[in-house]
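Hi,

Here is the structure I promised to send over. Have a look at it first, and then read on for what turned up.

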Amino acid sequence: MATTNSNAIQRICILGGGTAGWMTAAALSKVLGDRSIQIELVESESIGTVSVGEATIPQIRAFNHLLGLDEMDFMRHTQGTFKLGIEFIDWHKPGTAYLHPFGPYGANMAGVPFHHYWLKDGRQHPLESYCLEAMAARAGKFIPAVERSGAPAKQVNYAFHFDAVAYAAYLRKFAEQRGVKRSEGRMQHAVLHPVTGFVQALILQNGQKIEADLFIDCSGFKGLIIEKALHSGFEDWSHWLPCDRAIAQPCALTEPAKPYTQSIAQSAGWQWRIPLQNRVGNGHVYSSHYVDDDKALQVLHNTMLAKPEAEPNYLRWQTGRRREPWKKNCIAIGLSAGFLEPLESTGIQLIQSAISRLLSLFPDKSFAEETIDTFNRYSAFEMERIRDFIILHYKVNERDDSDFWRYCRSMKVPDSLEDKIKLYQRSGRIFRENNELFSDISWLSVLNGQGIIPESYHPLADQLPDDKLQMQLSSLQKQVQDTVAVMPAQADFIAQYCKAIGR
Ligand SMILES: Cc1cc2nc3c(=O)[nH]c(=O)nc-3n(C[C@H](O)[C@H](O)[C@H](O)COP(=O)(O)OP(=O)(O)OC[C@H]3O[C@@H](n4cnc5c(N)ncnc54)[C@H](O)[C@@H]3O)c2cc1C
C-alpha cells in the first residue's frame, strides 16, 4: 500500500506578480489546489511589471485548456483578438513581406513534405497561397473551425493578442479564487540556510518574513532569488541577438484589427504592431549599440499609424539564459530565467513550458539532483533551439542600409543553426530536432521568406508526373480559397462571440 510522503512540499512562495507569477500561481492552484499545499504570491505594486507581452503562439491554448478557461470569456476580459501568424515586412530586404503562419502549407504527398513539390514546380505561386491560416490572415478573416457543406470541419490554428496587464489580472482572479494568497510587499533579501544554501525565507521591506519549502522566482529581469541570492549565472547571447532595448507605446486603432502581428524591420532593429480590440500595441526593439533612445523613439513615431495614447515604456535587457534556472529549492520562471527577444512571441510560451516541466518534475523536500538536472537540461535545449530560430531572421538578410544589418549578416552563428541553413540550402530539407518548439512549417516560412532558394528538392518528388502535380497544386490552392471564402471577418466574429467588456 502506498504511504504519504512525509517529505512532501507544503508551502510554495512565488515572488512576482507579472505574467509569469500569475500564470504559475493559476496553474499550481488548479493542479495542486486540493492537496493542502499553501501557495503565497508576493508582489510589489510600487515596482510594477514590464506590462508588455501581448502576442502569443498557439501553444497558449493548451495552457488555457489546462486551467479550464472559457476562451471567449478570456478574450472579453483582455481586449483579445486572434492571431494567425506574423507578417515580416522589409526583413529579407526593403520592399519585401512574408508571413509566418500557424498552419501547414498544402499537404504532404506520398510521404514527401509539400514544399518539395512546390520547389519542383518552380515556386510558381506564393507559398502562402497554399496555407489556410495565411490566406485567412491576408483577408482579415477568422473562425476557430470552418464548416463547409460536403467537406469535413477544418480546424484553424491560432493564438491570441491581448492586453498583458488584463491577462495577469484575469489569472490573478482565477488563482485567488482557488486559494492563492497574495501579499503586497517589496522583497529586501533572501535568508539562506548557512550549510545547505537553500532558501529558507524572503524578508520584505516591512519586516515580514515569508517561509516556504519551494520558491518560484518570477521577479523579472533582476532574478532576485535565482541570481542575486543564489548566483545561478547567466549565459550571454547578445553577440547573436544584439537587440537589447525596446520602447513600447500604444496608439488608437484606425482600421479593423488584423488577425496577425506585424513585424517591420528598421535600420537598427524592428518594430511590432499588435492590434487589440481597443488599441494597437506598438514597440520598437533595437540595439543600443547602433541607435540611441531618442532616435529610436522618433523611428517608432514615424511608423505609428495614429497618435500615441500613453507615455512611452522604456525597457532594457541582455539576451541570454540563466545557467541554472532551477537551483537548490528555487526555480526561475519568466524573465528571471532569461530572455531572447520578442520577435517570435515566445516569452509566454517559455513560462508555460517551464510550468509544465515543473509539474512533471514536481519535487519533494529532498530536491533530488537528477530532477533538477533534468529540468535544467530541457530548459537549455528549448531555449537554444528558439534562439537559433530567432537568429535566423537576422542572419539571412539582404539589407544593406545599415551597419546593424551588415553585422547580422556577417556574424558567426551557432553550429546548430548553420547546419540547418546549409541542409535547406543544399536539399530543401528541414529536420525538427526532438521536441524543439518551432516546427518545419515555421522554419520553412522564415528560410523561404528571407530569400533562400534551395539548390535541389527531395528526389522522390519526381515520382509524381508533372500533369498530376499541376492538378494537385491547383486543387490545394482552390481548397484554401474556398475555405477562406466562407469564413467571417474577424471583426464580425469578435462582435458576435467575444466583444470586450465595456466596449
Ligand atoms: C519589449 C518586450 C516585448 C515582449 N513581447 C512579448 C510578446 O509579444 N509575447 C510574449 O509571449 N512575450 C513577450 N515578452 C515577454 C513577456 O513580456 C514576459 O515573458 C512576461 O511579461 C513575463 O514577465 P515576468 O512576469 O517574468 O516579469 P515582470 O513583468 O517584470 O514581473 C516581475 C514581478 O516581480 C515583482 N517584483 C520585482 N522586484 C520585486 C521585489 N523586490 N519585491 C516584490 N516584488 C518584486 C514585480 O512587482 C512584478 O510583479 C516581451 C518582453 C519584452 C521586454
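**The ligand and its surroundings**

Let's start at the ligand: one of its oxygen atoms sits 2.8 Å from a polar backbone atom of glycine 17. Bear in mind throughout that this is a predicted model. Leucine 335 also offers a polar backbone atom, 2.9 Å from an oxygen atom of the ligand. With methionine 187, the partner on the ligand is a nitrogen atom, and a backbone N or O atom of that residue lies 2.7 Å from it. On its own the ligand would expose 1,000 Å², and the protein buries 97% of that. In total 37 residues surround the ligand, and Gly17, Ala55, Met187, Leu335 and Ile348 are the closest.

**The two domains**

Next, the overall layout. The protein splits into two domains, each pieced together from three stretches of the chain: domain 1 covers 11–54, 163–236 and 318–367, while domain 2 covers 84–157, 245–316 and 394–483. Their C-alpha centres are 32 Å apart.

**Where the domains meet**

How much area is buried between domain 1 and domain 2? It comes to about 1,300 Å², with carbon and sulfur atoms giving 63% of it. Three residues stand out on the domain 1 side: Glu54, Leu343 and Glu344 supply 46% of the area that domain 1 buries against domain 2, more than any other three residues. Counted by residue, 13 from domain 1 are in contact with 20 from domain 2.

There are polar links across this boundary as well. The count is 2 salt bridges between the domains, and 6 residue pairs are in polar contact there. The side of domain 1 that touches domain 2 is a mix of 5 nonpolar, 4 polar and 4 charged residues. Glutamate 54 turns up again here, in a salt bridge with arginine 279 whose closest N and O atoms are 3.0 Å apart.

Cheers

Note on methods: Residues numbered from 1 in each chain as written. Predicted model: local features only at pLDDT ≥ 70, side-chain atom pairs only at ≥ 80, totals over all residues. Heavy atoms only, no water. Domains from an automatic or database assignment. Contact = heavy atoms within 4.5 Å. Buried area = accessible area lost by both parts, 1.4 Å probe. Salt bridge = Lys/Arg side-chain N within 4 Å of Asp/Glu carboxyl O. Polar contact = N/O pair within 3.5 Å; in protein donor to acceptor, adjacent residues only side chain to side chain. Nonpolar A, V, L, I, M, F, W, Y, C, P; charged D, E, K, R; others polar. Near = heavy atom within 4 Å. Areas by Shrake-Rupley, 256 points an atom, 1.4 Å probe, with all protein chains shown as cover.
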